[in-house]
Amino acid sequence: MITDVFMRRQALILGTMSFIIIGVLWQLVVDFGIVNPFFISTPGAVWQELLVQLQDGSLLVNTAATLYSFALALGLAVVVGIGLGVLAGWFRDAEAALEPFIWFKYSAPTVAFYPLFVAWLGYGTPTIVAIAFLFALTPIYANTLSGIKNVDRDLKRVATSFGARPHDIFFRIALPGAVPVIVAGLRLGVGRALTGVVVAELFGANAGLGYSIAYYAQMLQTSRMMVPIVTVILLGVILTQALSYIEKRTEAWRVVHDN
């Protein structure tokens, strides 16, 4: 327990130091004239602009819009991805029926569907959610499928020998054993859902971090543009680290469960 706490603190310290080093290098390459500040601004200028956008409320409005679309897209991807993954992992016929559609979606560039969704759903939140949903669906589905499908055969054999029925094996062995793998898929899905939201907002939205990035880029206002970019990065780090923590907790829970 003490070792785990120490390792988490060490990882936090190292991660924080990495961000500080990146900020220092960013400032130095501008100060020494290696890169023109017009292209990447400076940490100090970005910080000042961050305060301005917080004060006028624009950053909070755009962040809220992005998080709203993100929550809808991820929630939909979780429900559909886990549902289909469990179905395909437990029933081979379902896997065979779903596999062509899932891997076609995985192989095709998701952004290519953007004009179709605009035609069907119009500009704004529905299209943004649809794109982000497609981004997040595949890793959640694939990990759920893998977790259910690769259930411990020895445990299944032992349970069957003691008279366990299929639904007992599913709820007491397959599903609990698949939880850590499913959570790992959710961690991947979180990053992809956030990416999908920002990408869709870049193409067409009237609010959101992606919208503000595109708007300030068109106005050639680099410092203002860097604020939503940094915000997206921080959101991604926070969300994925939260899922990483949950993933570790479920891994420990599975070990206890199996024992």
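Four aromatic pairs are counted in this predicted model, and they make a convenient place to start. A pair of aromatic rings is described by the distance of the centres and the angle of the planes. For Tyr114 and Phe203, the ring centres lie 5.1 Å apart and the planes meet at 35°, so this pair is tilted. The two partners come from distant parts of the chain, 89 residues apart, with Tyr114 in helix α6 and Phe203 in helix α9. Tyr114 has a relative accessible area of 8%, under the 20% limit, and is therefore buried.

A second pair joins Tyr215 and Tyr216. Here the centres are 5.5 Å apart and the planes stand at 70°, which is over 60 degrees, so the arrangement is edge-to-face. The surroundings of the two rings can also be described: Tyr215 is partly exposed at 38% relative accessibility, whereas Tyr216, at 11%, is buried. Together with Tyr211, Tyr215 and Tyr216 make up one aromatic cluster.

Attention now turns to the nonpolar interior. In soluble globular proteins, nonpolar side chains tend to be buried together. The largest nonpolar core in this model comprises 44 residues, and Phe70, Leu74, Ile131 and Tyr141 have the most contacts inside it. At least two core residues are supplied by each of several helices, including α1 (2–31), α4 (58–90), α7 (125–149), α9 (166–203) and α11 (222–258). Helix α7 gives the most, with 13 residues.

Leu74 offers a closer look at one of these core residues. Beyond its neighbours within four places in sequence, Leu74 is in contact with Ile140, Gly189, Val190 and Ala193.

Definitions and conventions: Residues are numbered from 1 along each chain as its sequence is written. This is a predicted model: local features need pLDDT of at least 70, side-chain atom pairs count only at pLDDT 80 or more; totals for chains, interfaces and linings use all residues. Side-chain values use heavy atoms; hydrogens and water are left out. A nonpolar core is a set of buried Ala, Val, Leu, Ile, Met, Phe, Trp, Tyr and Cys residues joined through side-chain atoms within 4.5 Å. Buried means under 20% relative accessible area, exposed over 50%, partly exposed in between (1.4 Å probe, protein chains only). Helices (H or I, at least four residues) and strands (E, at least two) are DSSP runs, numbered from the N terminus. Contact means heavy atoms within 4.5 Å. Rings of Phe, Tyr and Trp (its six-membered ring) pair if their centres lie within 6.5 Å; planes under 30 degrees apart count as stacked, over 60 as edge-to-face and the rest as tilted.
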